[in-house]
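Work through the exercises below with the sequence and the structure open. Try each task before reading its solution.

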Amino acid sequence: MQDKEPITRALIIGAGIAGMQAALDIANSGYEVVLVDKLPSIGGRMAQLSETFPTLDCAQCILTPRTVEVGHHDRIKLVTYSEVEEVAGQVGDFRVRIRRHPAYVNWDACTGCGLCQEKCPKRVVSDFERGLGRRKAIYTLSPQAVPNRPVLDRESCLHFQGDRCRVCEKVCPVGAIDLEQEGNTIEERAGCIVMATGYDLYSMDRLGEYGHGDLANVIDGLAFERMLSASGPTAGKILRPSDGAEPKEVVFVQCAGSRDPELGVPYCSKICCMSTAKHAMLYKHRVPDGQAYVFYIDVRSAGKHYEEFVVRTVEENRTIYLRGKVSRVFEEGDKVAVWGVDTLSDRQVEISADLVVLATPMIPGGGTVQLAKMLGLHADEAGFLSEFDASMQPVETLRAGVFMAGACVGPKDIPETVAQASGAAAKVLSTFARWGKVAEGEAAARAEDL
Amino acid sequence: METSQLRIPYFPGCTLNTTAKGFDTSLRASAQALGVELVELPEWNCCGATFPLLADNILDLAGPASVLVAAREMGERLAVACTTCYNVLRRTNLAIQTDEDKRQKLNLFIEAQYEGDLQVLDFLQVLRDEVGFEKVARTVKRPLTGLKAAAYYGCMVLRPASEVAYDDPENPRALDDLLMALGAEPIEYAHKGECCGSYLAVVSAQAAAEMTYSILSSAQKNGAQLIATNCPLCQFNLDSQQAEIGRRHTGYQTIPVLYFSQLLGIALGLDADDFDWEKHSVDPRPVLELVEPR
């Protein structure tokens, strides 16, 4: 134990649903939290989802109360558009250096009116919309962004590319645009750290047999989520990216890269059976005269009310489930040809589809491995963080005072992520409580000495 | 004419001495025109024709291993034209490099001390990496302008990818890029690496005809006037199955299937009389007349 009293303040890396849940649990117990995210606003992957399985809750509707609570919480300090650069110290007193990227907007002055975004003349493809939509060079991730403050993307901004454009600066009613702003680093101190860096999807570029990510009408599950989302690029309409037509035959390919040690990742990505069933169901809700096909190895619907959900997709929504792998996906005219096999009827299947959705595997969120190295944590071959003990200490890392939650530990869905985040928060809180007891004991001992 | 002469040992394989004679003659002539001296191994035997998949079948590696030993005596690289030979020789070489047990037993059996320190290259790979398609393009005298060609790779240079591929197995480019260098227009189609049926014709003429039909019709649907391939067995299947396809699919229009080296030779302005056109079931010459004369 260090000489000084340990700091009962937590730092959480990643402000997705895991990081937010842990932050709220800790802050609502009376302790301060610093919540860091590299994106401009919080909410993580869940902010991109349309509806959640198996209840079909609107993701944005159940997420927004959390983002707003985090955003307004007295004991949560939000540090977005920032990345952890260095961690020194140890449990009880971590000193964390954080690099804040320049937003070119003075967030304290900004009121979030959105005029700069509206008037910005430069449109670019949006990562948040998974390439299906566009944003301005000065932007927020979504209309519900917390904090509702824009950032200016220097790579796309006309001003920074040598043009005389200063439109955002001219229109801002409060003079918040600061084109001379520079990034800076800050140092935060914390007694415990929670890793909640989430997931990315395995890149379609690496799936040659499914078109290398080059085919317009072959998209991944997150892109389909954006398409389904009422606040997404198509306002919730299912439209083929190539020409905006409504797709009448949609093929969903499960295990597109997972459970494939040869060409992809060896592990099961766990959520795709359910998210695919949800996609097929929601597709039928939007396009009642359309037909959905699902290729699967086997359907893993272990979870409360999960199997019933899949059965609904099959029986009520008339989705055709084909047990077998897809060997090739390629463009043929304005259609996408899908070659697969149905191992139950022992026949090769060819489907001329309008749209193909690949359930690509979850991989650890960008930066997870580097952060793990920086913190001295262990990760497995895939880069997911390793538990102190996979059975009995699943949210503890090998480093004292560093906990973890969510998809950076392994593929998992929202309910499991939230539960694990509360578990990690409980570990932080019990650590703080123990320090409190020790401090009380020492105080009592000192009192006796007097 | 060419100052930078590339000298490289060459293994033609049996097919290029028999059914694929035109592959051999056009390839040698083209190589010479590009400043590549192919030095045929003075003595060589069969490559083995198939790579044995049983882990303990070491005896079948003796044939290809002998070829590799002979090649190593001549240099550090070996150019192979036939894709089947390339596949077998390359995998045998890799086995010798990486499997100590196989290496020891083979060396004892063929009385050699061979370590696998040889680069086994497909001739197309030599063209791409050693000569360079840019240089090929510069040397072209009779560009194949306006000719729409479908590059067909078969499987032998693509699979197993970790052992033999020098290109993306799902979306190979080497042959397409060469065709482009020759001034032709490579068409895009999905069947570049789909199986031609291989030896299936021996068992089921029907199955083989349908497999080749799907490749040929896909190429034609996408505008191809001819198929360019690097594999003798694929060339044979795609070319000779067309009579059977014609019987099974009314209205089927034939399409010539050439070795890429035949197109290369023509584009380099060489005399194509000994390119063995008579062996082609579908005569390529009418299509080639579309190319502007020298």
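**Exercise 1. A three-stranded sheet**

Which residue stands opposite A:Gly340 in S21(A)?

Solution. The model is predicted: local features need pLDDT of at least 70, side-chain atom pairs count only at pLDDT 80 or more, and totals for chains, interfaces and linings use all residues. Residues are numbered from 1 along each chain as its sequence is written, and chains are lettered from A and ligands numbered from 1 in the order in which they are written.

- Step 1. Find strand S20 (residues 335-342) of chain A; S20 and S21(A) pair in the antiparallel sense over 7 bridges. Strands (E, at least two residues) and helices (H or I, at least four) are DSSP runs, numbered from the N terminus. Two strands pair if DSSP finds at least two bridges between them.
- Step 2. Read across from A:Gly340: A:Val349 is the residue opposite.
- Step 3. Place the pair in its sheet. The sheet is open, has 3 strands in the order S19-S20-S21 (chain A), and its pairing is antiparallel. S19 and strand S21 (347-353) of chain A are the edge strands, each pairing on one side only.
- Step 4. Add the twist. On average, neighbouring strands of this sheet are turned by 20° against each other, direction ignored. Strand axes here are lines fitted to C-alpha atoms; for helices the fit covers the stretch in contact, and angles run from 0 to 180 degrees between N-to-C directions.

**Exercise 2. A residue on strand S19**

Is A:Glu331 buried, exposed or partly exposed?

Solution.

- Step 1. Locate A:Glu331 in strand S19 (residues 326-332) of chain A.
- Step 2. Apply the cut-offs: buried means 20 or more other C-beta atoms within 10 Å of a residue's own, exposed means 12 or fewer, and partly exposed is in between, with C-beta atoms placed from the backbone.
- Step 3. A:Glu331 has 18 C-beta neighbours inside 10 Å, so it counts as partly exposed.
- Step 4. List its contacts (C-beta atoms, placed from the backbone, within 7 Å). Leaving out residues up to four places away in sequence, A:Glu331 touches A:Leu215 and A:Val336.
- Step 5. Check the C-alpha to C-alpha distance to A:Ala353: it is 9.5 Å, and the two residues are 22 apart in sequence.

**Exercise 3. Strand S13 and the core**

Which strands are joined to S13(A) by bridges?

Solution.

- Step 1. Strand S1 (residues 9-13) of chain A runs parallel to S13(A), with 4 bridges. Here A:Ile12 stands opposite A:Val194.
- Step 2. Strand S24 (residues 402-404) of chain A also runs parallel to S13(A), with 3 bridges. Here A:Met195 stands opposite A:Met404.
- Step 3. Sort the side chains of S13 (residues 192-195). A:Cys192 and A:Val194 point one way, A:Ile193 and A:Met195 the other way, and all are buried.
- Step 4. Turn to the core. A nonpolar core is a set of buried Ala, Val, Leu, Ile, Met, Phe, Trp, Tyr and Cys residues joined through C-beta atoms within 7 Å. In the largest one, of 208 residues, A:Val194 and B:Val80 touch the most other members.
- Step 5. A second, separate core has 17 residues, including A:Tyr81 and A:Cys168.

**Exercise 4. Two domains of chain B**

Which helix gives the largest share of the side of domain 1 of chain B that touches domain 2 of chain B?

Solution.

- Step 1. Set the bounds: domain 1 is 6-123 and domain 2 is 141-288. They come from an automatic or database domain assignment.
- Step 2. The C-alpha centres of these two domains of chain B lie 24 Å apart.
- Step 3. Count contacts: 21 residues of domain 1 of chain B meet 24 residues of domain 2 of chain B.
- Step 4. Helix H1 (21-33) and helix H3 (83-98) of chain B each give two or more residues to the domain 1 side. H1(B) has the largest share, 9 residues.

**Exercise 5. Backbone exceptions**

Where is A:Tyr81 found?

Solution.

- Step 1. Recall the background: most residues other than glycine have a negative phi, and most peptide bonds are trans.
- Step 2. A:Tyr81 lies in the loop between strand S5 (76-79) and strand S6 (82-90) of chain A. Its phi is positive, about 55°. A:Tyr81 is buried because 21 other C-beta atoms lie within 10 Å.
- Step 3. A:Arg318 has a positive phi of about 55°. With 13 other C-beta atoms within 10 Å, A:Arg318 is partly exposed.
- Step 4. The peptide bond from A:Val146 to A:Pro147 is cis, with omega near 0°. Another cis peptide bond joins B:Arg159 and B:Pro160, with omega about -10°.

Definitions and conventions:
Contact = placed C-beta atoms within 7 Å.
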